Amino acid sequence: MAVFDPKVATRPPPRKVKVVIRKYNPETGKAWWQEHEIETYRGMTVLDALLKIKEEQDHTLTLRYSCRMAVCGSCGMTINGTPRLACQTQLAQVASNHNPVVRVEPMYNFKVVKDLLTDFTEFFEKHRKVKPYLIREDIEEQENPKLEYRLTPEEYEEFYQYSLCIACGLCVSACPIFASDTRFLGPQALAQAYRFVIDPRDEGYKVRLELVDSLDGVFGCHFAASCSAVCPKEVDPAAAIQRLRSLLLKYRLKLFRKKINGPVEPLREVKEKVPLPGDAQTLDGVDLEALENQPVVIPVEILSK
Amino acid sequence: MARSSYLQLMQYVTGALLVLLVSWHLATRIPWLRGMESFVETILPEVVYREIESFGLLLLLLAYTSLLHGVNGLRIILLEIHHGEIWDRLVNLSAVIVFIVFAAIATHSVLGVEPPTIEGLISG
Amino acid sequence: MGKSVRDLVKYLDLRPGWRAFIDPFILKLWNNPERVAFHMHRITGVITAFFIFIHIITTNVPARAGWEAYLEEVRNLEAITPTSVLFYLAMGAVLFHGINGVRLILVEALAWGIGRPEKPKPPYIAPSLRGRQRALIHVTFALWIILWLALGYVMFLT
């Protein structure tokens, strides 16, 4: 994300803010800038401002939003020239007293459906193209699972960061390669490809490496790192792509062999019994040993009433 | 599509090689390293001819690697800004042609050079 | 409303290839010198490629037309002439492309200097933007300016 300064974000925004919205009417094909002036309050986000405009001034304003807390990744927009989530951006961050203007545009690099609403079809197609799921060869275990797949905390940390992606599309909208090359898979899809290539439970890495081995794949990236700079979840797609490329080059030079974890028995660790303090006493009528041997039964029926 | 990764690998290898070769190429133009007074003295005919005579192969290697790196780089940019089967083929073909033509010119400049004559130097 | 490059963009479907040329002017990103380096690497790369073509043609002169014609060329580089100024600008492009290229080889081919994957924590600045390659960018720009100035001294003042 663009550098976040809590001091700036918690400041009260200017009392009145001019919101300039890029409107687009798909029926006439016309696009124009539309100005609205709104009263603000402390803690108002750009999404709040847009919804206020939609309620009070222009009911035709179209935008996509859902959770209002940067989890769903629906409200990506270009705000004052920076791709951001509207719900996560405080007005105080983008408007100041000497320039109380907020320009809101749809995300670049996406087809616009109407006003601020962009078409994510191609984005998700590209995401689907890199096979963002675990591929296993042991079909029997997949169909009738009896064991579990081993994953150590160290292995988990290798890809945990990349699995946080909320598919908001900000990285794609900031990508300078995507601005010219619409066939480019894009930072989001490539980061997800890396996330599954490096996952030790996955056996489909060869398919994915073949898929991204082209100018439209991993070699389209030239490390402008804008994707990492705008990512609201610190997923760091730029680093993922560089790792994926380095790994692909190693793979082509036959220097890379992936460690694949097979299914293992679930861990059944016998826990050490913590002795009671010497002066501890049980209540009257409670047999501690009998309680320990007795399985725990949670009275679900009572709880659900 | 395995070609793409090998081409990119070539781009990195030639790039790394070029950093060394161009550093050397620029260092030979620093007058004080060669006991000269000015930059222009380092590109006078007899100096250049001596250099071509003793380091001809290295200069050719520099020309070829820089051409490979440069032509491939231009090719990548051109393939990026426009799409289409004919365009892709055209760009790839012209990249090969440009490389061959300029490599031939570079080879000629090293192999076809005559020693500078005294008349030439006097008139200069 | 002030006129900006963004107002010149007429249609909202900003996707086709030509948008790449106005991209540096319409997007504002903070904490991202990599993007500046990327655009400069591309521009200097194109300049360098054409410089290589011209350099190969001009250094072919001794073999093609003899050393007298070559001396004519050398005379152009002796003082501040349009040729020597263009040559100096091309040298700047070559220097930047070379120095930044070292960083790019380290980052792209070897995945060096982009930090380790980590659990995100405030202020949510990605590890690749905090890694050693960021320090290398500052070194790149500094070294470029120093070397370019030094080259100007060698070319014009000796």
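How much area do chain C and chain B bury between them, and what share of it is on carbon and sulfur atoms? Let's work through that, then turn to chain A.

A note on conventions: this is a predicted model, in which local features need pLDDT of at least 70 and side-chain atom pairs count only at pLDDT 80 or more, while totals for chains, interfaces and linings use all residues. Residues are numbered from 1 along each chain as its sequence is written, chains are lettered from A and ligands numbered from 1 in the order in which they are written, and side-chain values use heavy atoms, with hydrogens and water left out.

**Exercise 1. Size up the interface of chain C and chain B.**

Step 1. Start with the area: the two chains bury about 3200 Å², 77% of it on carbon and sulfur atoms. Buried area here is the accessible area (1.4 Å probe) that two parts lose on being put together, summed over both.

Step 2. Now see who pays. C:Phe53, C:Ile56 and C:Trp67 supply 21% of what chain C buries against chain B, more than any other three residues.

Step 3. Count residues in contact (heavy atoms within 4.5 Å): chain C brings 37 and chain B brings 44.

**Exercise 2. Find the salt bridge between chain C and chain B.**

Step 1. Apply the cut-off: a side-chain nitrogen of Lys or Arg within 4 Å of a carboxyl oxygen of Asp or Glu. The count comes to one.

Step 2. Name the partners: B:Glu80 pairs with C:Arg42, with the closest N and O atoms 2.7 Å apart.

Step 3. Sort the chain C side by class: 24 residues are nonpolar, seven polar and six charged. Nonpolar covers Ala, Val, Leu, Ile, Met, Phe, Trp, Tyr, Cys and Pro; charged covers Asp, Glu, Lys and Arg; the others, Gly among them, are polar.

**Exercise 3. Describe how the two domains of chain A meet.**

Step 1. Set the bounds, which come from an automatic or database domain assignment: domain 1 is 6-119 and domain 2 is 121-252. Their C-alpha centres lie 30 Å apart.

Step 2. Look at the contact: 16 residues of domain 1 touch 17 of domain 2. Together the domains of chain A bury about 1200 Å², 55% of it on carbon and sulfur atoms.

Step 3. Pick out the main contributors in domain 1: A:Pro83, A:Asn109 and A:Phe110 lose the most area to domain 2, together 42% of what that side buries.

Step 4. Finish with the salt bridge. The domains share one, formed by A:Glu122 and A:Lys111, whose closest N and O atoms are 3.5 Å apart.
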